[in-house]
Structure formats: structure tokens, C-alpha cells
Amino acid sequence: MIQFPIRPAALVVLTLLVLPHSRGTSVTGTIVDETTGRAVPARLYIQGADGTWFFAESASPDGSSVRYDRKSGLNTNSVERHVTLSAHPFKADLKPGRYTFTVERGKEFLPLVRTVDVGDKDHDVRLPIHRWVNMASRGWYSGDTHVHRDPLELRNTALAEDVNV
């Protein structure tokens, strides 16, 4: 085995040069109900300008996130890449650039599509989603018995999809 001597000072300089660039910029955010301002569980899609997909994680020890990354075997253009998040802040490490953040929460909220320009500094985004109808207040409750998810993911996913039953 060939060994190359590395001086401690050189190792420190190399670490300082490489580590900050490998992590990217920390983008944190919260998905909120536009009317109440309260954090809500939801789906979050993050796509870079080059078409690459990214997945956020919960930024809270009390929160949860479930990654969903599927591509059809028959139609490779058919993809579903998102994360379902609990009603807690999220975080994503992204390189500087332009990203599209899409938020969905069941059928009673309008999808939100927001362009986010990420620079060299960490920053926070607030993503307010608009409820266009409240069916439960009218005596109607949503449910879903046809799911293509692991049963262990359903608690997080059902909340993000705003399923009542």
C-alpha cells in the first residue's frame, strides 16, 4: 500500500474548501394555511431548473417526512416525486439556482407553485396554501380506501392529503 503524507494544515484547508460546497444552501420553510397562518401537513415537490428532483425533510425532531419517488416502468415520463410532511418546518439542502416548489394538500386546497431562487446564504420560505372549500363544515368527510402506499406511511400521508376518515 502506498501512503501519501498529508500535513494537518493541508487537511484543514482541504476540509474548509470542500465541505461548505458539498452541503449546499440550507433552505428551511413552513407550509401554512393562508387563512389561519397555522402550519399544515402537505405534499411538497421541489424541482430544479434542470429537471432534477429534490426531497425535503422535517426540520423538527417532532416532525415527520415520507419520501415518495416512483417512475412508471411502462412510461418513463410518468413520475411521482414528492415528500409528505407533517405540520412542522422542513429543510432541504440545495445548490444555488432556481427551483420550483409545488405544495398540494388534498382536494380542498388549491395547489401552490412558487419559484424560489437559492443563493449562497441559508434562507427561509413561507408557503401559504389557500383552502377554496371546507367540505367537513358542510357535513361531507373525505376518505380513501384505495392506496398505493406502505401501511407504515399512511399516518403521515393521510394527514398531508387532508383525509378525514
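This section describes the salt bridges of a predicted model and the surroundings of one serine residue.

Side chains of opposite charge can pair when their charged atoms come close. In the model, the count of salt bridges comes to 8. Among them is the pair formed by Arg 43 and Glu 80, in which the closest N and O atoms are 2.9 Å apart. Arg 43 belongs to strand β2 (residues 42-48) and Glu 80 to strand β6 (residues 79-85), so that this salt bridge links distant parts of the chain, 37 residues apart. The two partners fall into separate accessibility classes under the cut-off of 20% relative accessible area for burial. Arg 43 has a relative accessibility of 19% and therefore counts as buried, whereas Glu 80, with a relative accessible area of 25%, is partly exposed.

Arg 43 also takes part in a salt bridge with Glu 161, and here the closest N and O atoms are 2.4 Å apart. Glu 161 is located in the segment after α2 (154-160), while Arg 43 is in strand β2, so the pair ties together parts of the chain that are 118 residues apart in sequence. The relative accessible area of Glu 161 is 22%, and this residue is therefore partly exposed. Arg 43, Glu 80 and Glu 161 are joined by Glu 104 in a network of salt bridges.

A further salt bridge is found between the side chains of Arg 105 and Asp 162, with an N to O distance of 3.4 Å. This pair likewise links distant parts of the chain, 57 residues apart: Arg 105 lies in the loop between β8 (97-104) and β9 (112-118), and Asp 162 lies in the segment after α2. Both residues of the pair, Arg 105 and Asp 162, are buried.

Ser 60 was examined separately. The residue is placed in the loop between β4 (57-58) and β5 (65-71). Its relative accessibility is 17%, which is under the 20% cut-off, and Ser 60 therefore counts as buried. When neighbours within four places in sequence are left aside, Ser 60 is in contact with His 88 and Pro 89.

Methods. Residues are numbered from 1 along each chain as its sequence is written. This is a predicted model: local features need pLDDT of at least 70, side-chain atom pairs count only at pLDDT 80 or more; totals for chains, interfaces and linings use all residues. Side-chain values use heavy atoms; hydrogens and water are left out. Helices (H or I, at least four residues) and strands (E, at least two) are DSSP runs, numbered from the N terminus. Buried means under 20% relative accessible area, exposed over 50%, partly exposed in between (1.4 Å probe, protein chains only). Contact means heavy atoms within 4.5 Å. A salt bridge is a side-chain nitrogen of Lys or Arg within 4 Å of a carboxyl oxygen of Asp or Glu.
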